[in-house]
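Hi,

Here is the structure I promised to pass on. Have a look, and my notes are underneath.

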Amino acid sequence: MSVRRVEGGGLRLRIVLDILPPMRMRAILTPIALVALAAACGESGSAAGDGRPQVVVTTSILGDVAGELAGGEVDVQVLMPPGADPHEAALSAREADSLASADLAVVNGAAFEQAMEDTITAVEEDGTPVFRATDHVELLTFADQHAADEAAEAEGDHGDELDHGHDDAEADPHIWTDPTRMIEVARALGDRIAELDGVNAETIEANTADYMAALEGLDTEVEQDLAAIPAERRRLVTNHEVFGYFAQRYGFEVVGAVIPAGTTQAEPSSAEVEALAEVVEEAGVPAIFAETSSPATLADALAETVGDVRVVPLFSESLGDEGSGGATYVEMMRTNAERIAEALA
């Protein structure tokens, strides 16, 4: 497996800027403009690397999956380093160049890579093949996930109604928290990589079959780890709305989020934090699950407000470094299941 983060690129531009006022100059030098100019250089992904097809992946989670499927058949480049917040990560000009010249760009989709959306659209329109993981699974909307909460609130079980900082009709992009959905992603991505010129399709197919089997085993293992948690304690309070697919798959209810949105870029109001504190107290939730890729400041403040509540970090939107317990997708899911079980059982 060859996986590396992009540190450089081949973007070479000659632009006469002194005739433009500063604000106009900055408007022109957007990622979209840079991608278009990079594509005009005519440098293919294969030519830019070591002769193998170039697969450029936005997130560390999908980068790990792509590397497992590809083995040594392609050069996998991951744009976001471990620990990065994908909602905030933006592309440099060099990374935009790399994405534009890829033989295949792999993205999560469903507006997950918020700061990269314009560039991803631009490179796709310019001819770069783009694989969106969310195109290959059944998606939940945030409305789907709030239905159970609203029913409970109507019965007076969880205190005041919580506001949500997004349109409930939006698709939830956090599909990887359900390993069974990732099996479908792996199947589709393996097929797409096997179609690239210069790869041994049989090797890719064998790698894909092995990895899908590993994900099936992971799903069973997670279910077993969580089995000790009684039904009345299967309630999650998370840093933001990221575990909806996990909750659906393993029989949990997400009773609240510190940041009431599908993105870490939203900010809760003081009234929302107070309402969530009431929910946590009334539901008797013993732990608040923070994220390794985002500051736990708000979760810590909420725990202090409620009292007698632990803050437990989970790998939610990014892998961790080697030795962290979350260096691969399979490892992060195992660690999350163990930590949830230990906190709630």
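Below is what turned up, going from the cores to a helix pair and then two loop residues.

Keep in mind that this is a predicted model. The largest nonpolar core has 62 residues, and L226, F246, F252, Y329 and I340 are the ones that touch the most other members. Helix α13 (residues 329-344) is the top contributor, giving 9 residues to this core. If you want a place to start looking, try F246: leaving out residues up to four places away in sequence, F246 touches T177, V222, L226, L236, F252, M333 and I340. There is also another core, lying apart from the largest one, with 16 residues that include V237, I288, V306 and V309.

Next, the helix pair. The axes of α11 (residues 270-283) and α12 (residues 297-306) come within 10 Å and cross at roughly 55 degrees, so the two helices are oblique to each other. The crossing is right-handed. On the α11 side the contact uses V273, L276, A277, V280 and E281, while α12 brings L302, T305 and V306. By class, that makes 6 nonpolar, 1 polar and 1 charged residues.

Last, some backbone angles to check. A110 is not a glycine, yet its phi is positive, near 55 degrees. A110 sits in the loop between β4 (104-107) and α6 (117-125), and with 29% relative accessibility it counts as partly exposed. D308 also has a positive phi near 55 degrees without being glycine. D308 is in the loop between α12 and β9 (310-314) and, at 80% relative accessibility, counts as exposed.

Cheers

Notes. Residues are numbered from 1 along each chain as its sequence is written. This is a predicted model: local features need pLDDT of at least 70, side-chain atom pairs count only at pLDDT 80 or more; totals for chains, interfaces and linings use all residues. Side-chain values use heavy atoms; hydrogens and water are left out. Axes are lines fitted to C-alpha atoms, for helices over the stretch in contact, and angles run from 0 to 180 degrees between N-to-C directions. Helices (H or I, at least four residues) and strands (E, at least two) are DSSP runs, numbered from the N terminus. Angles under 35 degrees count as roughly parallel, over 145 as roughly antiparallel, 65 to 115 as roughly perpendicular and the rest as oblique. A crossing is left-handed if the near helix is turned anticlockwise from the far one by less than a right angle, and right-handed if clockwise. Contact means heavy atoms within 4.5 Å. Ala, Val, Leu, Ile, Met, Phe, Trp, Tyr, Cys and Pro count as nonpolar, Asp, Glu, Lys and Arg as charged, and the others, Gly among them, as polar. A nonpolar core is a set of buried Ala, Val, Leu, Ile, Met, Phe, Trp, Tyr and Cys residues joined through side-chain atoms within 4.5 Å. Buried means under 20% relative accessible area, exposed over 50%, partly exposed in between (1.4 Å probe, protein chains only).
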